[in-house]
Amino acid sequence: MTSLPARRSAPAFGAARHAPASIAVLAGDDDASRAHTTELARELMLPLAETAEAGFDLLLALTPEHLELRNRRDPRIHPVYVDFSHLDLRPYSANLSRRQPLARAFGKKTRVIVDATAGYAQDALLLALMGFRVTAIERSPVVAALARDGLQRLTALTGALLTGRLELVGGDARALLPAIAPRPDAIYLDPMFPPKRRKSAAVKKEMRLLRELVGDDTDAPELLTISRGIARDRVVVKRPDDAPPLAPDPSMSLTGKLVRYDVYLVRN
Ligand SMILES: C[S@@+](CC[C@H](N)C(=O)[O-])C[C@H]1O[C@@H](n2cnc3c(N)ncnc32)[C@H](O)[C@@H]1O
């Protein structure tokens, strides 16, 4: 659903193990897109690059179709953008089934979910389309901008389908969660998976870029502790199927394709 994806004098994002990438917004070349990209650069507190050759590693560029992140260091990597247009939105389509592990992990009573690690909002969107009310929180401004662009284009296609069911908020969930009222039935966490010790060619270059952009989410255990004190009924954590749980005592686990959903029941 997504083309996933995301360095020099610009602000650095995430806890990259290499020198952080410099990133800028590429100025649009007509009046309307120039105004739009100038505003975006201001919002994201990024420099505005007048040309693609301005020397930045990564460029956020607005095309007639979408907002995309271009990697200037490696032209073999396709630009990254969020695109939900191929999703099968029919109510009984398989990806919206409440029988799949992601939905079952939330139990029968959950209505309201906070997705505290929204990323490109793929899971948040699926949950909203399944009928949950979802507030999605993302702390990387660049990732949030790409997700917002994908969701806005989907909304343009589907009209009011998602109205009142999905809200994307920028910020760190550790600070935002305690202020959310009313408290959600459930909190969903999908922090970055632990890095593989040996880099496999199979790990998509786009995924490596995402890690470079947002880091390793090493504060995920803290986010889980905070979440367990706030959710009314449960916290659901997505993990690779071969990784240990984020905290040692999940109440139950549901296994999906290559991933596991660890459920922490709470009584708040
Ligand atoms: C693996 S991605 C999530 C993918 C997402 N589930 C999807 O379906 O697109 C993890 C994301 O969580 C974000 N994140 C991690 N900790 C966070 C926090 N405390 N507050 C907000 N966002 C956080 C990271 O910036 C990263 O974009």
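## A walk around the chain and its ligand

Start by selecting Met45, which is exposed, at 67% relative accessibility. You'll find Met45 in the loop between α1 (31–44) and β3 (48–49). Have a look at the backbone here too: phi of Met45 is near 55 degrees, a positive value in a residue that isn't glycine. Most residues other than glycine have a negative phi. Keep in mind as you click around that this is a predicted model.

Now jump to Leu258, in the loop between β12 (252–255) and β13 (259–265). Leu258 also has a positive phi, near 65 degrees, and isn't a glycine. Is Leu258 buried or exposed? With a relative accessible area of 66%, Leu258 counts as exposed.

One more backbone stop: select Ala181 and Pro182 together. The peptide bond from Ala181 to Pro182 is cis, with omega near -5 degrees. Most peptide bonds are trans. Pro182 sits in the loop between α5 (173–176) and β10.

**Zoom out**

Show the whole chain as a cartoon. You're looking at seven helices and 13 strands. Of the 268 residues in the chain, 49% are buried. Switch on the surface, and the accessible area comes to about 13,800 Å², with 54% of that belonging to carbon and sulfur atoms.

For a buried example, pick Leu69 in strand β5 (residues 67–71). Its relative accessible area is 4%, and the cut-off for buried is under 20%, so Leu69 counts as buried. Add Val82 to your selection: it is 13 residues from Leu69 along the chain, and the two C-alpha atoms are 9.9 Å apart.

**On to the listed binding site**

Next, select Glu138, Arg139 and Asp190, which an unreviewed UniProt entry lists under "binding site". They span 53 residues in sequence, yet no two of their C-alpha atoms are more than 13.1 Å apart, so they gather at one spot. Two of them, Glu138 and Arg139, help line the second largest pocket.

Take Glu138 by itself. It belongs to strand β8 (residues 133–138) and is buried, at 8% relative accessibility. Leaving out residues up to four places away in sequence, Glu138 touches Thr117, Ala118, Gly119, Val143, Ala144, Val169, Gly170 and Gly171. Zoom in on Gly119 in particular: its backbone nitrogen is 2.7 Å from a polar atom of the Glu138 side chain.

Then go to Asp190, in the loop between β10 (186–189) and α6 (205–214). At 22% relative accessibility, Asp190 counts as partly exposed. Not counting neighbours within four places in sequence, Asp190 is in contact with Thr117, Asp123 and Lys238.

**Last stop: the ligand**

Centre the view on the ligand. Which residues come nearest among the 19 around the ligand? They are Asp123, Glu138, Asp172, Ala173 and Asp190.

Now look for backbone N or O atoms beside the ligand:

- Ala116 has one 3.5 Å from a ligand nitrogen atom.
- Gln122 has one 3.2 Å from a ligand oxygen atom.
- Arg139 has one 3.2 Å from a ligand nitrogen atom.

On its own, the ligand has 610 Å² of accessible area, and the protein covers 95% of that. To finish, colour α3 (122–129) and β8, the elements that give two or more residues to the shell around the ligand.

Technical notes:
Residues are numbered from 1 along each chain as its sequence is written. This is a predicted model: local features need pLDDT of at least 70, side-chain atom pairs count only at pLDDT 80 or more; totals for chains, interfaces and linings use all residues. Side-chain values use heavy atoms; hydrogens and water are left out. UniProt positions are given in the numbering used here, feature names are shortened, and annotations may be inferred rather than shown by experiment. On a 1 Å grid over the protein atoms alone, a cavity is a set of points where a 1.4 Å probe fits but cannot get out, and a pocket is an open set with protein on both sides within 12 Å along at least five of seven lines; lining residues have an atom within 4 Å of a point. Helices (H or I, at least four residues) and strands (E, at least two) are DSSP runs, numbered from the N terminus. Buried means under 20% relative accessible area, exposed over 50%, partly exposed in between (1.4 Å probe, protein chains only). Contact means heavy atoms within 4.5 Å. A polar contact is a pair of N or O atoms within 3.5 Å; within protein, one must be able to donate a hydrogen and the other to accept it, and residues adjacent in sequence count only if both atoms are side-chain atoms. A residue is near a molecule or strand if one of its heavy atoms lies within 4 Å of it. Accessible areas come from the Shrake-Rupley method with a 1.4 Å probe; for residues, only the protein chains shown count as cover.
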